[in-house]
Amino acid sequence: MGLLAAFLTAAPGIALGQRADTQVSLQTRAERSGFLETSSYADVETFTDAVASSSSRIHKTYFGYTQEGRPLPLLVFGKVAGATPAEVLAAGGTRVFVQANIHAGEVCGKEAMLMLLRDLSVGRFARWADSLVVLVAPIYNADGNERVLLTNRGLQNGPTGGMGQRPNAMGLDLNRDHMKLDSPEARSLVGLFDDYDPHVIVDLHTTNGTHHGYHVTYAPPLHPNTPSTIDSYLRDRWLPTVTERIMEKDGWAYYHYGNVPRRGERGWYTFDHRPR
């Protein structure tokens, strides 16, 4: 339970380039710009190269390619000899995969994962390595990330310098391509799942402009064919425990994901059950 809570709270508590116990000079583009801009693909590559070279517990590799040929970076943290599937599987422990930027305009997860990797590189959350191997794909929709416009997500609260677009270079929503696998990105992701066999998968998004009282919202699978044991464990044990512990520790409110509609019947609406 503490793992997911730590992921969800790592980014908000990070000061600009500095930890209370360690001076950190490496900053994301978001931090350098006062959160007016978001990281480009080149920024992510430079940043992740730096954290991987600074820590013996962080290894960098790639798990596939985008439609336009950009390699998709994967960072591996833990007591592992390297980042290959064989090395990760040999390490044992619980394998946790976190992906960000599946919708490239929703930049919060991308920036948070870069900050988390920096934290891990300087020894924060070091105890995670005792039982976990954490795999981070910080910029899954890398092609969409580069198509920055001020108007890509007009209702989203920043970054005011613009953000990438929702679909990939083919015009496909990668969060709707898990059935047909038309995109090279989705096929690369399936290959990662086959090779690394993660036990836990966390997919990071940003809300579509709704202002609400929750610091973070979450969602378990909504498809009725989800195995009931997974669904009940998330709904009845994991997510309630995270919610309670974060409230006790930080006074922050977490809740199930939803948006407030701007037209039609008033309510709190989550996404539907279509395959994603």
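## A tour from L181 to strand β3

With a relative accessibility of 24%, L181 is partly exposed. Before you go further, keep in mind that this is a predicted model.

**Stop 1: L181 and its loop**

Stay on L181 for a moment and find the loop between α6 and α7, where L181 sits. Why does L181 count as partly exposed rather than buried? Buried means under 20% relative accessible area, and L181 comes in at 24%, so it falls in the partly exposed class. Now check the backbone: phi of L181 is positive, near 55°, and this residue is not a glycine. As background, most residues other than glycine have a negative phi, and most peptide bonds are trans.

In the loop between α6 and α7 you can also select P159. Show the backbone from G158 to P159: that peptide bond is cis, and its omega is near 0°.

**Stop 2: the whole chain**

Zoom out and switch to a cartoon. You should be able to pick out eight helices and seven strands in the protein chain. The radius of gyration is 18 Å, close to the 19 Å that the globule rule gives for 276 residues, so the protein chain is as compact as a globular protein of that length. If you want a feel for the dimensions, the C-alpha trace spans about 55 × 40 × 40 Å along its principal axes.

Try a surface next. The accessible surface of the protein chain is about 13,500 Å², and 52% of that belongs to carbon and sulfur atoms. Of the 276 residues, 47% are buried. What share of the contacts between residues at least 6 apart in sequence joins residues at least 24 apart? In this protein chain the share is 67%.

**Stop 3: strand β3**

Select residues 94-99, which make up strand β3. Five of these six residues are buried, so β3 is largely enclosed by the rest of the structure.

Add residues 132-137, strand β4: β3 and β4 run parallel, joined by six bridges. To line the two strands up by eye, click R95, which stands opposite V133 in β4. Then show residues 108-121, helix α5; together β3, α5 and β4 form a right-handed β-α-β unit.

Which strand pairs with β3 over four bridges? That is β5, residues 200-203, and this pairing is also in the parallel sense. Here the residue to click is V96, which stands opposite V200 in β5.

**Stop 4: the two faces of β5**

Show the side chains of β5. In a regular strand the side chains alternate between the two faces of the sheet. You can follow that pattern here: V200 and V202 point to one face and are buried, while I201 and D203 point to the other and are not buried.

**Stop 5: D197, just ahead of β5**

Select D197 in the loop between α7 (residues 184-196) and β5. Buried or exposed? D197 is in between: its relative accessible area is 45%, so it is partly exposed. Leaving out neighbours within four places in sequence, D197 contacts R95 and L192. You have already met R95 as the residue opposite V133. Measure a distance to V96 while you are here: D197 and V96 are 101 residues apart along the chain, and their C-alpha atoms are separated by 9.4 Å.

**Stop 6: N101**

Go to the loop between β3 and α5 and pick N101. N101 has a relative accessible area of 0%, so it is buried. Its phi is positive, about 75°, although N101 is not a glycine.

**Stop 7: N141**

Finish at N141, in the loop between β4 and α6 (142-145). N141 is buried as well, with a relative accessible area of 0%. Show its side chain: a polar atom there lies 3.0 Å from the backbone nitrogen of G144. The backbone oxygen of P167 is 3.2 Å from a polar atom of the N141 side chain.

What does N141 touch, not counting residues up to four places away in sequence? Its contacts include N101 from your previous stop, plus I102 and A104. Select Q165, R166, P167, N168 and L174 too, since N141 also touches these residues.

Terms used
Residues are numbered from 1 along each chain as its sequence is written. This is a predicted model: local features need pLDDT of at least 70, side-chain atom pairs count only at pLDDT 80 or more; totals for chains, interfaces and linings use all residues. Side-chain values use heavy atoms; hydrogens and water are left out. Buried means under 20% relative accessible area, exposed over 50%, partly exposed in between (1.4 Å probe, protein chains only). Two strands pair if DSSP finds at least two bridges between them. A crossover is right-handed if, with the strands pointing away from the viewer, the path from the first strand over the helix to the second runs clockwise. A polar contact is a pair of N or O atoms within 3.5 Å; within protein, one must be able to donate a hydrogen and the other to accept it, and residues adjacent in sequence count only if both atoms are side-chain atoms. Contact means heavy atoms within 4.5 Å. The radius of gyration is taken over C-alpha atoms; the globule rule is 2.2 Å times the number of residues to the power 0.38. Accessible areas come from the Shrake-Rupley method with a 1.4 Å probe; for residues, only the protein chains shown count as cover.
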